[in-house]
Amino acid sequence: MQIVSIPTHPYTDQNPGTSGLRKKVTVFQQPDYLENFVQAIFDSLEDYSGKTLVLGGDGRYFNRPAIQTIIKMAAANGFGELIIGQGGLLSTPAASNLIRKNKAFGGLILSASHNPGGRDEDFGIKYNVSNGGPAPESHTDAFYKRSLTISSYKIAEIEDTDIDRIGSRHIENFKITVIDPVADYAELMQSIFDFGLLKQSIGSGFITLLFDAMHAITGPYAKRILVDMLGATPDSVINAEPLEDFGGHHPDPNLAHAQELAARMFSPTAPTLGAASDGDGDRNMITGSNIFVTPSDSLAIMAANARLIPAYAYGLSGVARSMPTSQAVDRVAASYNIPCYETPTGWKFFGNLLDAGKITLCGEESFGTGSNHVREKDGLWAVLFWLNLIARKRQSVADIVHEHWRKFGRDIYSRHDYEAIESSVANSIVERLRSQLPELPSQAFGEFIVKYADEFSYEDPVDGSVSKNQGIRIGFENGSRIIFRLSGTGTVGATLRIYLEKFEVDASSHDQDAQVSLSELIKLAEQLCEVKKRTGRTEPTVIT
Ligand code: G16
């Protein structure tokens, strides 16, 4: 195998965000751009000679050529084996599982998650470590640092690999194994949930379902598991074929983007459960007939009922949520007397807690829930969790949610996103908020009295690492909160996220519309940050 060293020049913008490096496809197509970043990753890692790397992506535009480049670079840099999903496809949770199952050194996942795909849209790449989880900040900082000084990369002069044919081939000591991307993941799901009960509940018609794969990676997974293994009708999975441009839509599982699903779920013919997943299959949206379950509530309900699921029948060691996620799961943890951790946004922060056995379940407001079965959030796992709950409790989604609120109270919650704000304006908003923090505590805004106002900082209880500036928190005496933070996953300008939360014990107020119930907090958020005033916008780009 001929290995060549190609001289290159650094790019200055290869700093990974919340979850890997995400840029426009056209940025990745610049000469040596992908190669530089991959080499920066390899140069920052140690002792991987002869070891295994898992490789796959969500099938978006540029996935296939990127896979071929990475195969050649992995060979040149001394990896022993590559495990690749057929067609270059792997969902993020399936890749995490493969890393763990094969005791691989790590993995490269090609995805920009819920961001749109296509020639002029987004691409992304992230590295996962040997526990199957996203590389921690110590790694991503090192990748960026190395990308700024890189002067050459190594690539093997070998032919393109047939990634559509399952099987192994050797090039000298380098092995390339193309596998069925679904089989190992399906087996894992079978070991967690009660597939017998699910089959019976679906077969008898007690549960009907609609899953929207949004023309992204979960189509083949959902078809195999929900239709072939559990007996759902073939039309239970819609938009099942992965497309390079996701059919021109955002593969973002929320009511705004999963329109076909939303229309069915809020109609008289709604099935028992409606769900969707995102580009790379790690996010989930859960709905029932005429009800949308917020991701924060979904996490809390899963925690409260986990013992009904075979894999969690012995209870949970603890739970965790990202800081902007509502405090609903905290109430469950308190009532079960188990620890609840508050981490910065980013699944990578759950890794140490999961590895140390401190938590079993975790989740985020950004449509992510997961458990210790892998080290990524997991969209189809969440769908199966809800199906299993419905089958065990013999209740509708709405009944399960209302029962939960009656028992624990409702954390009324919403997120307002202002997308593609000019970076200088976004920074001025953050500066303004920051400057107000010292004088906010004890101030009263109507019924809301500020209890604390700070910038969230996290000390990892396992390795002691500290992550600062993780969002601005304003907490009130009555338990309400307003959080402000800039997204770390966008590719155009800056996105300001405003997270609003109010606790309601009174069951007669539980069915209120969240925007109405949160209206005072919404006004107060604008007063504090002036996003509308400073951008001239009249409303958020997206409300969830
Ligand atoms: C990624 C991370 C999540 C995070 C989300 C939103 O998800 O893995 O942990 O919550 O981004 O991050 P931000 O608010 O910074 O945009 P995904 O599904 O995009 O990989």
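Me: What makes the pair between R485 and the ligand a polar contact?
Reply: A polar side-chain atom of R485 lies 2.6 Å from an oxygen atom of the ligand. The cut-off for a pair of N or O atoms is 3.5 Å, so the R485 pair counts as a polar contact. Keep in mind that this is a predicted model.

Me: Why is the pair between S487 and the ligand called a polar contact too?
Reply: An N or O atom in the side chain of S487 is 2.7 Å from an oxygen atom of the ligand. That is within 3.5 Å, so the pair qualifies.

Me: And what makes the G346 pair count?
Reply: Here the backbone takes part: an N or O atom of G346 lies 3.3 Å from an oxygen atom of the ligand. The limit is 3.5 Å, so this pair is a polar contact as well.

Me: How much of the ligand does the protein cover?
Reply: On its own, the ligand has 470 Å² of accessible area, and the protein covers 99% of that.

Me: How do you know which residues surround the ligand?
Reply: A residue counts if one of its heavy atoms lies within 4 Å of the ligand, and 19 residues surround the ligand. The closest are E364, R485, G488, T489 and R497. By class, this shell has 1 nonpolar, 10 polar and 8 charged residues.

Me: What does it take to say that the ligand sits in the largest cavity?
Reply: More than half of the ligand's atoms must lie within 2 Å of the cavity's grid points. The ligand sits in the largest cavity, so that condition is met.

Me: What is known about that cavity?
Reply: The largest cavity holds about 270 Å³ of space. Its lining has 26 residues, with T18, R283, S366, K377 and T489 closest to its centre. By class, the lining has 3 nonpolar, 10 polar and 13 charged residues. The whole structure has 4 cavities of 30 Å³ or more.

Me: Why is the other space, of about 1000 Å³, called a pocket?
Reply: A pocket is an open set of points, whereas a probe cannot get out of a cavity. The space of about 1000 Å³ is the largest pocket, so it is open. Its lining has 37 residues, with G17, T18, L486, S487 and G488 nearest its centre.

Me: Which element gives the most to that lining?
Reply: α15 does, with 5 residues.

Technical notes:
Residues numbered from 1 in each chain as written. Predicted model: local features only at pLDDT ≥ 70, side-chain atom pairs only at ≥ 80, totals over all residues. Heavy atoms only, no water. 1 Å grid on protein atoms, 1.4 Å probe; cavity = no way out; pocket = protein on both sides within 12 Å on 5 of 7 lines; lining within 4 Å. Points joined across faces, edges and corners; volume = space filled by probe spheres on them. Nonpolar A, V, L, I, M, F, W, Y, C, P; charged D, E, K, R; others polar. Polar contact = N/O pair within 3.5 Å; in protein donor to acceptor, adjacent residues only side chain to side chain. Areas by Shrake-Rupley, 256 points an atom, 1.4 Å probe, with all protein chains shown as cover. Helix = DSSP H or I, 4+ residues; strand = E, 2+ residues; numbered from the N terminus.
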